[in-house]
Amino acid sequence: MREKNLVVEKPEEASNSLKDNSFLTLNCYSKRMPKLNVLVSGSTGYIGVQLIKLLVKHSDIRIKYLCGNSSVGNTISSYDKLLNSKILPKITKYNKSFLKNIDLVFTALPNGGSQDISNDLLDHNVLIDLAADFRLNKASDYLKWYKQKHKSIKNIKKSIYSLPEINGDKVKKFNIIGCPGCYPTSILLPLIPLVKKNLIKTDNVIIDSKSGYSGAGRGVHNKYKDKNLYESLSAYGVGFHRHNSEIQQEINNYSKKKFSFTFTPHLTPMFRGILSTIYVDLNKGVSIKKLENILNSQYSKNRFVKILKTNSLLSTNDVINTNNCYIVICKTKYKNRVIILSAIDNLIKGGAGQAIQNMNIKYGFNETKGLIWNIYFYL
C-alpha cells in the first residue's frame, strides 16, 4: 500500500506569508499525495533499466522492489553506472507476498512472464506490462504468434491495450495495462487517424521499419553474433514478425475496410531508435494537406506527438532520449502516393516512457510527469 509522505509548512512562515500578501500554496497545512510503491520485474534488461532511470526522477514513485532471476543479489547500478548515485533496493527474486506492500507492478519480462504475476494480483494492485502478454485480445492469437499458451486468459478480458494518444482515456477503468510494442507504436500513431477518416487505401500498405539493436534485448549479441551487428543492416522476422498481429488488431478497430499490409523490420548498427517508412496510396480527392490537418487535429493536445512540415528531414537523432514521436509526410513522383516517416526512441516512447505515460494517466498525474527533459538528458 502507499506510504505516506507528510510535509507541513511552519505556522510562523505561513503567517508571515499572509502578512506580506505573498502567495500561500494550497499545500500549506496539508498532506502531499502519498507515493506509489512500485515493483519492477525484469529490471535488468534494456527496457527495465531504462524504466528505472525514468522512475527515479518521478516524484510520486517509490521503488520498493527490483526483481530478477539470474541477477539476484546484484545492484541495478552494475547494469548502468548512471544509477550509481541512487539509493535503490538490491535485486531479489519475485515473491507474490511482495504484492501486499505494492501499488503498482511493472513487468519488463520475456513474453509469458507477466501472466503468472497477473494471476497473483490483489485487488489494490495495478499491473503495467511492457511485453506482449496483454497486447492481443484473443488467447488463440497469442498462441499463433508467440507459440505458447496464455496462462491467464481470464485476465485478458480484464486488461486494456493502451496507446495513450489513441485510447488512453480508457486506462483508468483497468488494473491491467498492456503497453504497445515499439514497432507498432511508430506505425499506429501515424496510420490510425488516417485509416479512421478513410483517407488512404487499405489494400496494400507497405511498412519498412529499422530499429537499434537494443530492441532485440540483451541477448541480441548472442543471437546475431554471426551478423556483424555493429557494422551491418539485417532484416529479420520477414513476413511473419510477431508485431504483425498487434498492428492488424489495432488497425482493424478503426478501419471500415479490410486492412492489408506488409511489414518488414530491420536491425541497424545503432543502439536505440526506430525509423518507420510507410508507403500508402491516397483515396480520391485526398491531399497531403488533408492528411496533415487530420494528424494535427488528432494530436493537437498531445505533448509527445509532433507533425513536421511536408518533406522535412527526419532521423532517429531527433527523438533519441525523449518520449516523442515525430511524423512527416513526403511527396513522391506519383500524385496519389505518399511516404510517411515516423521516428521514436524504442526504449522510451516504444517502451519505458510509454509505460510511465500510461501510469500517469491511470493515477491522474500530469501525463508528461517524469517524461520532459532536455534531449541530452542524463541522470
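Buried means under 20% relative accessible area, exposed means over 50%, and partly exposed is in between, with a 1.4 Å probe and protein chains only. Keep that in mind, everyone, and thanks for coming.

A word on where this comes from. It is a predicted model, so to speak of local features we need pLDDT of at least 70, and side-chain atom pairs count only at pLDDT 80 or more, while totals for chains, interfaces and linings use all residues. Residues are numbered from 1 along each chain as its sequence is written, and side-chain values use heavy atoms, with hydrogens and water left out.

Let's start with the whole chain. There are 379 residues, and 52% of them count as buried. About 18,500 Å² is exposed, and carbon and sulfur atoms supply 50% of that; these accessible areas come from the Shrake-Rupley method with a 1.4 Å probe, and for residues only the protein chains shown count as cover. The chain has eleven helices and 14 strands. Here helices are DSSP runs of H or I with at least four residues, strands are runs of E with at least two, and both are numbered from the N terminus. Contact means heavy atoms within 4.5 Å. Among contacts between residues at least 6 apart in sequence, 70% join residues at least 24 apart.

Now to the sheet. In what order do its seven strands come? The order is β9-β10-β8-β11-β14-β13-β12, in an open sheet with mixed pairing. Two strands pair if DSSP finds at least two bridges between them. The edge strands are β9, residues 234-235, and β12, residues 305-307, and each of them pairs on one side only. β9 runs antiparallel to β10, residues 261-268, and two bridges join them. If you want a spot to click on, A235 stands opposite H266 in β10.

Across this sheet lies helix α7, residues 182-196, which covers β8, β10, β11, β12, β13 and β14 and runs at about 35° to β11. Axes are lines fitted to C-alpha atoms, for helices over the stretch in contact, and angles run from 0 to 180 degrees between N-to-C directions.

Let me zoom in on two residues of the sheet. S209 sits in strand β8. Is S209 buried or exposed? S209 is buried, because its relative accessible area is 0%. Leaving out residues up to four places away in sequence, S209 touches Y183, I187, F263, T264, P265, H266, L275 and S276. With S276 there is also a polar contact of 2.7 Å between the side chains. A polar contact is a pair of N or O atoms within 3.5 Å; within protein, one must be able to donate a hydrogen and the other to accept it, and residues adjacent in sequence count only if both atoms are side-chain atoms.

The other residue is I329, in strand β13. I329 is buried too, at 0% relative accessible area. Its neighbours include I288, L291, T310 and V338, again not counting residues up to four places away in sequence.

Next, charges. Side chains of opposite charge can pair when their charged atoms come close. A salt bridge is a side-chain nitrogen of Lys or Arg within 4 Å of a carboxyl oxygen of Asp or Glu. How many salt bridges does this rule give? The count comes to eight, and I'll show you three.

D281 forms one with R337, the closest N and O atoms being 2.8 Å apart. That pair links distant parts of the chain, since D281 is in strand β11 and R337 in strand β14, 56 residues apart. D281 is buried, at 19%, whereas R337 is partly exposed, at 34%.

The side chains of K53 and D80 also meet in a salt bridge, at 3.2 Å from N to O. K53 is in helix α2, residues 46-55, and D80 is in the loop between β2 and β3, 27 residues apart. K53 counts as buried at 12%, and D80 does at 16%.

Then E246 and R135 meet at 3.8 Å, N to O. E246 belongs to helix α9, residues 243-252, and R135 to the loop between β5 and α4, 111 residues apart. E246 is buried at 0%, and R135 at 7%.

That brings us to α9 itself. Why is α9 largely enclosed by the rest of the structure? Because eight of its ten residues are buried. Among them are H243, N244 and I251. The cover over the buried residues of α9 includes α4, β6, α7 and β10.
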